[in-house]
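Open the structure in your viewer and keep the sequence beside it. This tour gives you a selection at each stop and says what is there.

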Amino acid sequence: PIKSSAASDVYKRQRVNILNKSTNNFSQEDLKKLQFKYEAALQVLKTHLEILIKDYDMSNHTKSVEHVNARIKSIDSALGKLEKRNYDITLENLEEHIHDMVGVRLVCPFEDDVYEMVDLIKSSDLLQVCHEKDYIENPKESGYSSYHIIVKVPVSFKDDIEFIDAEIQVRTLAMDAWAALEHELQYKSNGSVTKRERDELRECAQEFRRIENKMLTLKKGLR
């Protein structure tokens, strides 16, 4: 069985401790400025992607994306990531080493839509693609599947233009459902999912993929 409240309380205390340790390394004013930059980058990225997708869909008479999710990673989560990687907890290290503070997720109906959206993003004149990882072709050991792209987003401020890192994830509805369930199980168990449960999660991912491929075959037959 999966444990819940006690484990999550420990996790919350650990995050509070990280924030407390970091207060001497930067001012609240510096933190606000950095958060503003991330908020601006998210707004630019989300708007740009929505325009690209709508233009693509109108040209191809299709609906390639079911929904778009956007978020800025919490500061305590990012600082915890720095600590885990043995970096000093500073805003400079956060900017240099955490590339997914700004995140947008595109959830598509089918796998072929995912790769259409990946090509669309890579053809953008606005975004600079820095790194990409295809976890659909090469799923993680857990069964996780998605396509990840790290981009630099140009944001025009009063005095200059800054290029801010962001992560775009593109996945199918089935991949998104599996990831949400897996995340919930990991959170409730504070990462202590048993081997049997990990094996079952991996089997579920494979079953999701099998059903998804069958649905894709049906879709192609209806064209």
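The stops below go from the whole chain to single residues.

**The whole chain**

Start with everything selected, and keep in mind that this is a predicted model. Colour by secondary structure: the chain has seven helices and five strands. Follow them along the sequence and the pattern reads α-α-β-α-α-β-α-β-β-β-α-α.

Now show the surface. The accessible surface of the chain is about 13,300 Å², and carbon and sulfur atoms hold 51% of that area. Of the 223 residues in the chain, 41% are buried. Contacts between residues with a separation of 6 or more can also be sorted by distance along the sequence: 68% of them join residues 24 or more positions apart.

**Strand E5: Thr 172**

Select residues 161–172, which form strand E5, and pick out Thr 172 within it. Is Thr 172 buried or exposed? Its relative accessible area is 0%, so Thr 172 is buried, the cut-off for buried being under 20%.

Next, show side chains. What does the side chain of Thr 172 make a polar contact with? The partner is the side chain of Glu 212, at 2.3 Å. Glu 212 is also among the contacts of Thr 172 when neighbours within four places in sequence are left aside. The others on that list are Val 107, Cys 108, Pro 109, Phe 110, Glu 111 and Val 114.

**Helix H6: Ala 174**

Move along to residues 173–188, helix H6, and select Ala 174 there. Its relative accessibility is 18%, and Ala 174 therefore counts as buried, because the limit is under 20%.

Which residues does Ala 174 touch, if those up to four places away in sequence are not counted? They are Phe 208 and Glu 212. Glu 212 was met at the previous stop, as a contact of Thr 172. Draw a distance between the C-alpha atoms of Ala 174 and Phe 208: they are 6.2 Å apart, although the two residues are separated by 34 residues along the chain.

**Helix H7: Leu 218**

Finally, select residues 195–222, helix H7, where Leu 218 is placed. With a relative accessibility of 51%, Leu 218 counts as exposed, since exposed means over 50%.

Turn the surface back on and add Ile 211 and Met 215 to the selection. Together with Leu 218, these residues form a nonpolar patch on the surface. The accessible area of the three is about 280 Å² together.

Conventions. Residues numbered from 1 in each chain as written. Predicted model: local features only at pLDDT ≥ 70, side-chain atom pairs only at ≥ 80, totals over all residues. Heavy atoms only, no water. Helix = DSSP H or I, 4+ residues; strand = E, 2+ residues; numbered from the N terminus. Buried < 20%, exposed > 50% of the residue type's maximum accessible area, 1.4 Å probe, protein only. Contact = heavy atoms within 4.5 Å. Areas by Shrake-Rupley, 256 points an atom, 1.4 Å probe, with all protein chains shown as cover. Patch = residues over 30% accessible without salt bridge, like charges linked within 9 Å, V, L, I, M, F, W, Y side chains within 5 Å. Salt bridge = Lys/Arg side-chain N within 4 Å of Asp/Glu carboxyl O. Polar contact = N/O pair within 3.5 Å; in protein donor to acceptor, adjacent residues only side chain to side chain.
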